[in-house]
Amino acid sequence: MPNRTPERTARPRRFLMCRPTHFTVDYAINPWMDPERPTDTALAVRQWEHLHALYRRLGHTVELIAPLPGLPDMVYTANGATVLNGRALVATFRHPQRAGESDAHQAWFRAHGYREVRRAGHVNEGEGDLLVAGRRVLAGTGFRTDPAAHAEARALFGVQVLSLTLVDPRFYHLDTALAVLDDDHVMYYPAAFSPDSQALLRSLYPDAILAGRADAEVFGLNAVSDGRNVLLPEPARALAAQLAEHGYEPWPVDVSELLKGGGGPKCCTLELRPA
Ligand SMILES: CN(C)C(=N)NCCC[C@H](N)C(=O)O
C-alpha cells in the first residue's frame, strides 16, 4: 500500500461497444467457452446495457457498432482494432469464426472519418493484446496476436511497443492478465507472463498493483479505467479493495453471462482515441 494515497483523476473517454443481440457460445476457441453450457442472450443484453449505462453515467461517450448475425463474439469490440491518434489498426483474427468482424470494424472506422484505417497484415486481436499505456503500447503474444503485429503497430503508431509473452492459456489475451489504470500505472497477474516479461513489467511498473490468482481467475484484470473509476467483474473483491487502497474507485459489474464467451468489461469496450 502506498504511504500516501494519490488523488486519481478521471479523463472522459470515447468507447465503441456492440450490443450482444446475437451472443451465444456455439464454438470454443478459448478455455472458458463451453458450447454445452446454455447461454441466456437476454441476460447478456441486460448485463451489457448496465455496463453501457454506467459508462454514460460516469461521463463517457459510447459509440455503437451494429451487431451482425453469425458473429456471436462481436460484443467483444476490444478485439476489433487498436485506435490511437485517429489511426485504426483493424484486427486480423486468429480463428476463422471471428474473421467476419474485421470487415465490420473496417467499414465502421471508414464511415466514421478516421484518418487512417489499416487492416493488420498479421494476426492481431486489437486491444485484446495491444494496450495503450500513456506514450507506449504494451503488446501481448503467446496465444493470439503474432509478434510481427507488434512491429506493425510500432510502424503505424510511431510509439514504443513493448512485447509481453503470455504463458497460461486461460489468460490468452493481454487484457485478461493486465489492465492499464492510467498513463503510468497498471495492475497485472504475474503468473500469466513468462519470466522475462515478469521482469520487464517489474522494471517498468515497480508500483503496479499485483492481482492474486483468485481475482485473476474471475477475470478481475479485464477491467476498464478512466484514471479514477475502474469497472471490473463483481467477483474480484480483493482486487477491488486493492484498487480502493490505491485511490481508485472500483465499480463492480455483473458480467457473468458475457464471461461464458471468455470476455469481461474490457473485452466489451474498445477505446477510441481520435486525432
Ligand atoms: C479479454 N478478452 C479475452 C478479450 N479481449 N476478448 C474476449 C474474446 C472472447 C472470444 N470468445 C474469443 O475467444 O476470441
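The following exchange concerns strand 10 and the ligand site in a predicted model.

Trainee: Which residues of strand 10 point the other way from His185 and Met187?

Mentor: In a regular strand the side chains alternate between the two faces of the sheet. Strand 10 covers residues 185-188, and His185 and Met187 point one way from it, while all of the residues named for the two sides are buried. The residues that point the other way are Val186 and Tyr188.

Trainee: Which residue of strand 10 does Val180 stand opposite?

Mentor: Strand 9, which spans residues 178-182, pairs with strand 10 in the antiparallel sense over 4 bridges, and a hairpin of 2 residues joins strand 9 to strand 10. In this pairing, the residue of strand 10 that stands opposite Val180 is Val186.

Trainee: What is the bridge partner of Met187 in strand 11?

Mentor: Strand 10 pairs with strand 11 (residues 209-210) in the parallel sense, over 2 bridges. Between these strands the chain passes through helix 4, residues 195-204, in a β-α-β crossover that is right-handed. The bridge partner of Met187 in strand 11 is Ile209.

Trainee: How far is an oxygen atom of the ligand from an N or O atom in the side chain of Asn30?

Mentor: Among the 18 residues that surround the ligand, Asn30 is one of the closest, together with Arg98, Asp175, Gly261 and Cys267. A nitrogen atom of the ligand lies 2.8 Å from a side-chain N or O atom of Asn79, and for His173 the corresponding distance from a ligand nitrogen is 3.3 Å. For the oxygen atom of the ligand and the side chain of Asn30, the distance is 2.7 Å.

Conventions
Residues are numbered from 1 along each chain as its sequence is written. This is a predicted model: local features need pLDDT of at least 70, side-chain atom pairs count only at pLDDT 80 or more; totals for chains, interfaces and linings use all residues. Side-chain values use heavy atoms; hydrogens and water are left out. Buried means under 20% relative accessible area, exposed over 50%, partly exposed in between (1.4 Å probe, protein chains only). Two strands pair if DSSP finds at least two bridges between them. A crossover is right-handed if, with the strands pointing away from the viewer, the path from the first strand over the helix to the second runs clockwise. A residue is near a molecule or strand if one of its heavy atoms lies within 4 Å of it. A polar contact is a pair of N or O atoms within 3.5 Å; within protein, one must be able to donate a hydrogen and the other to accept it, and residues adjacent in sequence count only if both atoms are side-chain atoms.
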